[in-house]
Amino acid sequence: MNNNQEKSSSFVPYVPSSRSLPELTMVAIIFGIILAIVFGAANAYLGLKVGLTVSASIPAAVISMGVLRGIFRRDSILENNIVQTMTTAGEAIGAGAVFTLPAFFLLDINLSQTVIIFIVLTGGLLGVFMMVPLRQMLIVKEHGNLPYPEGTACAEVLKSGEKGGANAKTVAIGFLFGGLVKVLGDGFMLFKTEIETQIGKLKNTVVGMDIFPALLGVGYIIGPRIAGQMLAGGLLAWIVLIPAIAFFGADSTAAIFPAEDPIGKLDAWGIWDNYIKYIGAGAVAVAGLITLLKTLPTLISTASKTVKGLSDGAAGGGIERTDKDMPFRYVILGIVALVIIIGAAPITNVGFIGAIAIAIFGFLFVAVASRIVGIVGSSSSPVSGMTIATLLIVTLVYKVTGLHGMEGMKAALTVAAIVCTALAVAGDISQDLKTGHLVGGTPWKQQVAMMIGVIASGLVIGVILVVLDKSYGMGSQQLPAPKAAIMKVLVQGIFGGDLPWSLIFIGAAVAIVIEFLGLNSLVVAVGLYLPIHVSAPVMFGGAVRWLVDVKAKSKEERQERSDRGVLFASGLIAGESLLGVLIAVLIFFKVKIPTTPMTDNRLIPFVIFLFVCWLLYWFSARAKVDKTK
């Protein structure tokens, strides 16, 4: 027996298996369903806006403790664990959906609510089922080797439950300010939520910023290094590539494909829309594949360890409460039934080629995703890279077998969407099962809770996507849907061949150069694809995080400040995102709201944004080190 196995066999969770507490209760289920839908909607909006999503486990744990302990007077840590497990299901469904499904909207493919629900539910349930056989091997036997950072952090939050009320207030205050800025800016239109300025007299050299607290919160959570690399991509596009295209094409009298007007008649936004988006698409696609290739050793070792673990009976549930998974025969039956249903269902028309691809890529990449998130966390998991790889292979297979045109694109995107949702859910449930392993949860109850959360959020995510599309427009400046736009470009290019491939190859080359520079090519590529107006406020959040860290006097103080700031930042994200969805609902139902800002003054929104930055710093800096730890 190796050291890691010795650690796992001697490990005693916070609530030992000999002790039982209320866990999968009706109160926990109902509250978990509510939070799953709420955070699913928030992450859908955020993913469409910036192409990134954030973990909901810690804010969900804090909110559940504040509500269940403060209002319902319930003090079971295992109930709180069930609530955060269900909440992350909604977050995962939101991520899986917005990274792929908006591509259908961008291609003008009409998806019914039935089809959307079918895609996200089959993908989400496959993600849960396929992770169950891996729990013993990845969570239990690798306990001393795979840290699962978000899962471990969430367990610490749950164990320090007496702080739940104060921490819940931090989230609530962040929610209030995030929602307030969104309502005053985009609801009542009291001020512009986008500021922009020309740099000197340089033609089409523009920088700007969206005054959105959610983006500030994202920047704080991902930190200054990643935020800075994202901004670098934006600067490369807006103060290098756009001015260069404007300069060299200034005297052109003919339109250059794909633009319909000469470059000399295009402003910065016109150049971005006609040229930079395709360069960015190529960069994101190749960066995603590079990220996947970098994990190839992990992929191979995971596959071999998975086969060995299953042959050794690692997937069987133990007799102790903390070691009981869902019955293995039900898991296999569920996977087989879902694959057959996907292949036979006429509403998607993916056929058994698509179903087999989902089974193969699903289990292979679920195993990879579940292990990778154990090392680097969910936010760094190459889900988009694995989805792009799936899409490319499936698209080529469909084309070779004679499926062409819109039907071929629809079938390929459906397969990719199901696999993407499965990967997102599997990565999140891995973190949740790690949390449960540390606090003493019952695995099968967490797995059932995850399935309930998947179903609850999956039934409403389609409505949210439709409302956002009708209100803001998928692919618009307000909702760029960057990851889904890449999927659209790839599938359209392979089937149609009418894309500006030169621009896409330029973007691919940029990604390779960035990777050789030692930077995160995927992050820089996303910044290149998105308007700089999105990455600039993200950098402000990263700068606040840097200032909080350097002001701390000890490692413990830095961690306490960081954790408190993450809670406030999560509140900013949830507040703005949910109010953004609410405004979209009002627009959808044709409620009359202002369409023109009351003032064009750029100083007012910038001062408001700086005030929110100061609040984020102030709440972080107020954190005090717990001397009792």
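A residue is called buried when its relative accessible area is under 20%. In this predicted model, L615 has a relative accessible area of 6% and is therefore buried. L615 is found in helix α23, which spans residues 603-621. With residues up to four places away in sequence set aside, L615 touches F177 and F568. The C-alpha atoms of L615 and I221 are separated by 15 Å, and the two residues stand 394 residues apart along the chain.

The nonpolar interior was examined next. The largest nonpolar core holds 154 residues, and those that touch the most other members are L101, L126, W238, I271 and L468. Helix α16 supplies the largest share of this core, 17 residues. Another core, of 29 residues, lies apart from it and includes I58, V62, L68 and V157. In soluble globular proteins, nonpolar side chains tend to be buried together. Within the largest core, I271 is one of the residues that touch the most other members. Beyond four places in sequence, the contacts of I271 are N204, I242, I245, A246, I263, L266 and I276.

V157, one of the members of the 29-residue core, is also among the buried residues of helix α8 (residues 149-159). The others in that helix are E150, G151, C154, A155 and L158. These buried residues lie on the same side of α8 because they cover an arc of only 160° around the axis. Their packing partners are α3 (57-70), α4 (77-98) and α16 (405-439).

Residues of the β1 and β2 region were considered individually. T205 lies in the loop between β1 (194-198) and β2 (206-210). Its relative accessibility is 3%, so T205 counts as buried. Apart from neighbours up to four places away in sequence, T205 touches T197, Q198, I199, W238, I239 and P243. Of these contacts, W238 also appears among the residues of the largest nonpolar core that touch the most other members. E196 lies in strand β1 and, at 30% relative accessibility, counts as partly exposed. The C-alpha atoms of E196 and V207 are 5.8 Å apart in space, while the residues are 11 apart in sequence. V207 is also in contact with E196, as are V206, G208, W269, H533 and R602, with neighbours within four places in sequence left aside.

Empty space in the model was then surveyed. Rolling a probe the size of a water molecule over the atoms shows where empty space is left. A search of the whole structure finds 3 cavities of 30 Å³ or more. The largest cavity contains about 80 Å³ of space. Its lining consists of F39, A42, N43, V54, S55, A56, P59, S570, I573 and A574. Helices α2 (26-50) and α22 (555-588) are the elements that give two or more residues to this lining. By residue class, the lining of the largest cavity has 7 nonpolar and 3 polar residues and no charged ones.

The second largest pocket has a volume of about 460 Å³. Its lining comprises 22 residues, and D186, M189, T193, Y472 and Q478 lie nearest its centre. The elements that give two or more residues to the lining of this pocket are α2, α9 (164-187) and α22. The lining divides into 11 nonpolar, 5 polar and 6 charged residues. Charged residues are thus present in the lining of the second largest pocket, whereas the lining of the largest cavity has none.

Backbone geometry was examined at three sites in loops. Most residues other than glycine have a negative phi, and most peptide bonds are trans. The peptide bond from F257 to P258 is cis, with omega near 10°. P258 lies in the loop between α10 (213-248) and α11 (268-294). A positive phi, near 60°, is found at D108, a residue other than glycine. D108 is placed in the loop between α5 (102-106) and α6 (113-131), and its relative accessibility of 71% makes it exposed. N349 is likewise not a glycine and has a positive phi of about 60°. The loop that holds N349 runs between α13 (328-344) and α14 (351-376). At 43% relative accessibility, N349 counts as partly exposed.

Key. Residues are numbered from 1 along each chain as its sequence is written. This is a predicted model: local features need pLDDT of at least 70, side-chain atom pairs count only at pLDDT 80 or more; totals for chains, interfaces and linings use all residues. Side-chain values use heavy atoms; hydrogens and water are left out. On a 1 Å grid over the protein atoms alone, a cavity is a set of points where a 1.4 Å probe fits but cannot get out, and a pocket is an open set with protein on both sides within 12 Å along at least five of seven lines; lining residues have an atom within 4 Å of a point. Grid points are joined across faces, edges and corners, and a volume is the space filled by probe spheres set on the points. Helices (H or I, at least four residues) and strands (E, at least two) are DSSP runs, numbered from the N terminus. Ala, Val, Leu, Ile, Met, Phe, Trp, Tyr, Cys and Pro count as nonpolar, Asp, Glu, Lys and Arg as charged, and the others, Gly among them, as polar. Buried means under 20% relative accessible area, exposed over 50%, partly exposed in between (1.4 Å probe, protein chains only). The arc is that of the directions from the helix axis to the C-beta atoms. Contact means heavy atoms within 4.5 Å. A nonpolar core is a set of buried Ala, Val, Leu, Ile, Met, Phe, Trp, Tyr and Cys residues joined through side-chain atoms within 4.5 Å.
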